[in-house]
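Biologist: Before any term is accepted, I should like to hear the reasoning behind it. Shall we go through the assignments one at a time?

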4 protein chains.
Amino acid sequence: MSKGKVLLAYSGGLDTSCILAWLIDQGYEVMAYMANIGQEEDFKAAEQKALKIGATKDIRQEFVSDLVWPAVQSNLIYEGVYLLGTALARPVICKKQIEIAKREGCQFVSHGCTGKGNDQVRFELGYYSLHPTIQVITPWRDPAFFNKFPGRPALLEYAKLKGIPVVQTASKPWSTDENLYHISYEAGILENPDQTPPKDMWKLTVDPEDAPNTPERLSIHFSNGIPVKVENTSNGKIVEKDDLALFLYLNEVGRKHGVGRLDIVENRFIGIKSRGCYETPGGTILRAAHVDLEGLTLDREVRRLKDQYTQKLAEIIYNGMWFSAEREFLMASIAHSQTVVNGVVKVKLFKGAVYIEGRSSPNSLYDEKVASMDETDGFHPEFSEGFIRITSIRLRAYMNQKEKFQKQ
Amino acid sequence: MSKGKVLLAYSGGLDTSCILAWLIDQGYEVMAYMANIGQEEDFKAAEQKALKIGATKDIRQEFVSDLVWPAVQSNLIYEGVYLLGTALARPVICKKQIEIAKREGCQFVSHGCTGKGNDQVRFELGYYSLHPTIQVITPWRDPAFFNKFPGRPALLEYAKLKGIPVVQTASKPWSTDENLYHISYEAGILENPDQTPPKDMWKLTVDPEDAPNTPERLSIHFSNGIPVKVENTSNGKIVEKDDLALFLYLNEVGRKHGVGRLDIVENRFIGIKSRGCYETPGGTILRAAHVDLEGLTLDREVRRLKDQYTQKLAEIIYNGMWFSAEREFLMASIAHSQTVVNGVVKVKLFKGAVYIEGRSSPNSLYDEKVASMDETDGFHPEFSEGFIRITSIRLRAYMNQKEKFQKQ
Amino acid sequence: MSKGKVLLAYSGGLDTSCILAWLIDQGYEVMAYMANIGQEEDFKAAEQKALKIGATKDIRQEFVSDLVWPAVQSNLIYEGVYLLGTALARPVICKKQIEIAKREGCQFVSHGCTGKGNDQVRFELGYYSLHPTIQVITPWRDPAFFNKFPGRPALLEYAKLKGIPVVQTASKPWSTDENLYHISYEAGILENPDQTPPKDMWKLTVDPEDAPNTPERLSIHFSNGIPVKVENTSNGKIVEKDDLALFLYLNEVGRKHGVGRLDIVENRFIGIKSRGCYETPGGTILRAAHVDLEGLTLDREVRRLKDQYTQKLAEIIYNGMWFSAEREFLMASIAHSQTVVNGVVKVKLFKGAVYIEGRSSPNSLYDEKVASMDETDGFHPEFSEGFIRITSIRLRAYMNQKEKFQKQ
Amino acid sequence: MSKGKVLLAYSGGLDTSCILAWLIDQGYEVMAYMANIGQEEDFKAAEQKALKIGATKDIRQEFVSDLVWPAVQSNLIYEGVYLLGTALARPVICKKQIEIAKREGCQFVSHGCTGKGNDQVRFELGYYSLHPTIQVITPWRDPAFFNKFPGRPALLEYAKLKGIPVVQTASKPWSTDENLYHISYEAGILENPDQTPPKDMWKLTVDPEDAPNTPERLSIHFSNGIPVKVENTSNGKIVEKDDLALFLYLNEVGRKHGVGRLDIVENRFIGIKSRGCYETPGGTILRAAHVDLEGLTLDREVRRLKDQYTQKLAEIIYNGMWFSAEREFLMASIAHSQTVVNGVVKVKLFKGAVYIEGRSSPNSLYDEKVASMDETDGFHPEFSEGFIRITSIRLRAYMNQKEKFQKQ
């Protein structure tokens, strides 16, 4: 008698391979679901290990169109520095998993996340939002599981016992999570926040010190705040139309020039600080270019408001609340603002950095005549007098109050 | 009969030299005041031109201690990118000018700012705040002046007539404003926002393409959110104690490695967009390091609130409202937050970029044991279950509402 | 030779009657435009005075649908207390005025606002937004006008000279501005903020002390956050469908019960404080009811964000920036949030106050079973343990930091 | 052998009386702690029941000075309507409880809160913040307890068995929580949010319909945003100096006039909506008066920022995070703002409502001359022209962009 049907989010690694076997041991009927979200993975090998009882789903296109593009439109950034690559991937993975679970009549879903991290929260809030009555099995929070497997050796032994082929790569002293937007590194030696990561940790991008000595230049075309064409003005190559291809091309150029490395101590949703390193090549280029184009096309006050709401939006998404009323609320304004974010931004990539070299737009709010220091056409400098005098009324009143007060 | 006594903010350039002569022509008794705020300037030559009737004041120390340090504590940044170098200099220049004007019994102050920019606002709001009844003479907003001097040739001719020595440097096709925190470039050829600035425009920093091929590493020590010591771990040099010397050393290393260039379209207070290029070498290094240290030492929610108020503070300061109730209000919280921002940040400078390589603090909120993925000591993963389940209540309710609503 | 064609916003009062005559004296071709926005006014008399050369426009319907309803959806309130009755009327008055000015080929528009208030700003920002090249004549800021008319006697004399019939009502020692949403009182004896307004000043509402001794009850039905039906459950009367009729009925009941009086010191856009008294009967009832219904139907986090948006929106509208990018930005999200604000709120009106007595909604997020203290069905109290323990991690870390710090 | 020493927060009611006995049954050494925070309670009877093994602590003075006054300074309000009476009481109760627990060497503290509410969170976050290693026993979340006592009859039977004297009052069909700031009603028949509460539920305040037909007037004097003197100008009575006496007097007058009733659906921290009714007589008067005085004395921009801070602060306190870094952060600025909030506010109380009738301050920012519509002294109306023209630049640019865009 089966305890019921489980759909496991399978990663191809040792943990979820063991979880899969363990769930079967526990009497569940188990299906594996592996998302291809752009990570570097031996999908063939995974198929041999687990996907006899499951399937890979290529969700890269949805990831770019439904998550990455809105992130670009929002200039999404967490705690001023992190581009949210892991958090952005979760909703699209969850959505497909719940879709399959519903279709296959699974009463349970499961994942291999640990009990201290953000990802357990993101997966489960996604599951519950999309399927309020689903039941979730979380082996790494179940003492029956985590006491049985106190470390890697126990998992390896169990894998051997269960006939799970384990690629005998030397284990790295850190964990990674990868998708087409970014790769993250945490845990292991990185748990000392003062420890500089070793040169060979960084996997996606060329070390800036080894990057080409010649810069490369791109013109990125935006429509409604979304990139629609990339021209490499250094070599004439043009990529356009296909969202996925366009993003992957930006990644390729960004990786070559060492763009998008980051090393931070961040605040997890559960209230602990953790140290993470990230590489987000294409995303870093796009954010710089999009922010710049908004400088030209967005009204000043809209920009201020949007910047405030972006900070909040980043929190919401980091905390796993993509499927929430508040995310929809904020994005209604943000989407409205993007209709005028059209134009071209010129960027230079060199040794790890992105430089903006110019921008233009059919919806520009910049008026060369008005801005010019040499022209007075259409602008009466006398008006500034009134503007300043009126603006000073409040400040002068305060200073008078203060002076009077200090005398008391 | 003199019309009264004017204290002119004198820059040493053609404009304020002519304004000085013109004010005398108009029947004012004129004094010149020249602030040494770290700009590269021939103070000797200025003395010959104008300072017979005035004086230079070295306000570099006050600038660093009273303005730059609070900016560092606040992670001050305007529109996500600009470090506010010009806006930060104005309050300290104004303050000294009003101090002298009061001492010398001047009824008037004057400046050489144009009628379209931010600086006229910053100067005058500063003046009115510090001296509510002062009168301000603004030649570039006075038709009697600006019609007389429609362009540079008219000014040069007048200078010649008045015997003002003009250094015959070829005029650059842009304007600059410099102080020890930054230099700005605007106007002229930069008025086309799509025009890439010429390589020889950038004056403070080495072109990243020409910067050293070997990175240089610093350990920056903070106390109360303020830098107190810089160790150059690449060469053993240590700078500490003296605020000004410390900041100038960071500038020196930053300039060498091409750090802190920026090219943007920004929103002026008077509501027009303008294009500006900036170099802020030391400030860029300090901001990166300080933000990082706050990651380790500030509570998550304090950080979120502080980030919100920093955005507002940047607006306030950009708009020239340093001497305002709202600036004091925000800074009361920010100052309170900095008591725990103590520690050391390791940075690497290379070809225009600043990389963080580690950080430590006696006030760290990071707990290696709690953060560790390998330890469960003191953390019960089962609690995460409850946390997620409770957190999901609201999200599930919303999805139920939505589903019900869509069926209606 | 005419100097050009002016469309004057005509109020029917002494000021704009004199302005009309004065503009003709100055050589303009003048047309008068009088908005019927629900104020109590002798439109017949106005017609005799000025509308031979102009027309009244009934814009009450647009006012309610285009301005008042969005204000209700937004819970619009300024500085925590004022419902913005004057600011809301301006955009709809401006819009019609510019429409007529364009149609009639006027190069100029004019108004009778003084040079210290908010309304000059609201009118003119409206004009310039809707017709960027229009020219505005503002007699009360023109020394030629204001020096000629230093007080009421001079205006009366001029009116007599020009044959303008002036109703010989004793002048009240305050000014008013009225529309169907509210009436405001300011200036005159009210300029002393410690002076209690006389009982006979309040014009719209019955004095709460004289209001009926028996309360009256209404059930207000909302759809998309907009009132669509009012049932008077005390007498069985029902008003529905017609926006204007519905709002006027709420006004009628509110006035009878003395609802919506306010006496404040507020901050004008130009930076001075002013004292204003207001009566907003229907608006006060609607705001209380709408806020309450959002308690039942809006997600918590949406409510928090919307409350922030509303504070900003109130500023924007108060400052006369209805026709702005930022107003549209904020309203995109607010409109999105209102789709679920459907249901009925029961209110009691009594002696100046509005009491909420119950509410229901087909889109309620309230779940009686989950909320019940007596039921555990579907809720596991054990989860609260985990929630609290995880939530406490951050707080405990801070207290540890603090304790350690204090020991240093 | 005792399992250890527990300090129980004892309320005098049936629940905590049974918990006390049950904890002893479980083998704990139990002490009871009863806070006198101004609730109406038979402390004598409580003493007979439980306080043989414990003590009452009168913490009313601390409550007013340390919690209520900062709430007044902050204009603290949750979701726009609720004055946070329960949330404000918790920190002062917790603090004393932890103080005693430490002194008495208790390893455990305990409370009688249910597993669905806010108060469990508030108590426990308070405990953990003040004593990070304390252990908390929560019977209403322990199946061993809540399964044993599924309803009131089981508790009554157990009480009888244990010889706990139970006052045989008929049980009310709702729960209450009372302190000197407010009383709350929830649960029972109130769980239907459309059910109007019965007239006899409201306990603190006279029904507005039965309140005196004659209004009563107070002049409330503030110093640093804190009330320091109340003059009843209707009868000449003056209360001053003693914080507690002053607050209790405001309560007395407020109760008499039916001030401060509220009926809402609110959002609990754990994500569910609940319906609550509240009476906060003195607090409602004070908030209205303090908000009004800030209108006169606070700078406009400070007020806007403070209003934002207050919204956030209310969330923090509602959620039980009084002892947090973020509360301290916000209060640093709020405290700074209050130095100028000095003066007198005149209020009228009548039939449930509070009316402001005037205000004055030695720190007023209101300038009668500048505000006056009849005076131009010190104000040049021409400056408004420049102010408006400059302000319109941005709005016109946006309208041009929009028009151009719509044509595309």
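Biologist: How many residue pairs in polar contact does the rule find across the interface of chain B and chain C?

Modeller: The model is a predicted one. Across the interface of chain B and chain C, the rule finds 8 residue pairs in polar contact, both residues being at pLDDT 80 or more. On the side of chain B that touches chain C, α10 (300-318) and α13 (381-407) each supply at least two residues. The most comes from α13(B), with 15 residues.

Biologist: What makes the meeting of Arg394(C) and Asp299(B) a salt bridge?

Modeller: The criterion is a side-chain nitrogen of Lys or Arg within 4 Å of a carboxyl oxygen of Asp or Glu. For the side chains of Arg394(C) and Asp299(B), the N to O distance is 2.8 Å, so the pair satisfies the definition. The count between chain B and chain C is 2 salt bridges.

Biologist: What is the area buried between chain B and chain C, and which residues of chain B lose the most?

Modeller: About 2500 Å² is buried between the two chains, and carbon and sulfur atoms give 64% of that area. In chain B, the residues that lose the most area to chain C are Phe383(B), Arg394(B) and Gln401(B), together 25% of what that side buries. The contact takes 27 residues from chain B and 27 residues from chain C.

Biologist: Why is the relation between chain D and chain C called a two-fold axis?

Modeller: Chain D is superposed on chain C by a rotation of 180° with 0.0 Å of shift along the axis, at an RMSD of 0.0 Å. That is the relation of a two-fold axis. The same surface serves both copies, since 99% of the contact residues of chain D recur in chain C.

Biologist: Why are β10 and β14 of chain D said to stand at the edges?

Modeller: In chain D, 5 strands form an open sheet in the order β10-β9-β8-β13-β14, with antiparallel pairing. Both β10 (238-240) and β14 (353-360) have a single partner strand, so one side of each is left without a neighbour in the sheet. From one strand to the next, the twist averages 25°.

Biologist: How do you know that β8 and β9 of chain D pair?

Modeller: Pairing requires at least two bridges. Strand β8 (residues 216-223) and strand β9 (residues 226-232) of chain D are joined by 6 bridges, so the requirement is met. The two strands run antiparallel, and Ser223(D) has Ile226(D) in β9(D) as its bridge partner.

Conventions:
Residues numbered from 1 in each chain as written. Chains lettered and ligands numbered in written order. Predicted model: local features only at pLDDT ≥ 70, side-chain atom pairs only at ≥ 80, totals over all residues. Heavy atoms only, no water. Helix = DSSP H or I, 4+ residues; strand = E, 2+ residues; numbered from the N terminus. Axes fitted to C-alpha atoms, helices over the stretch in contact; angles between N-to-C directions. Least-squares fit on C-alpha atoms with pLDDT ≥ 70 in both. Contact = heavy atoms within 4.5 Å. Buried area = accessible area lost by both parts, 1.4 Å probe. Polar contact = N/O pair within 3.5 Å; in protein donor to acceptor, adjacent residues only side chain to side chain.
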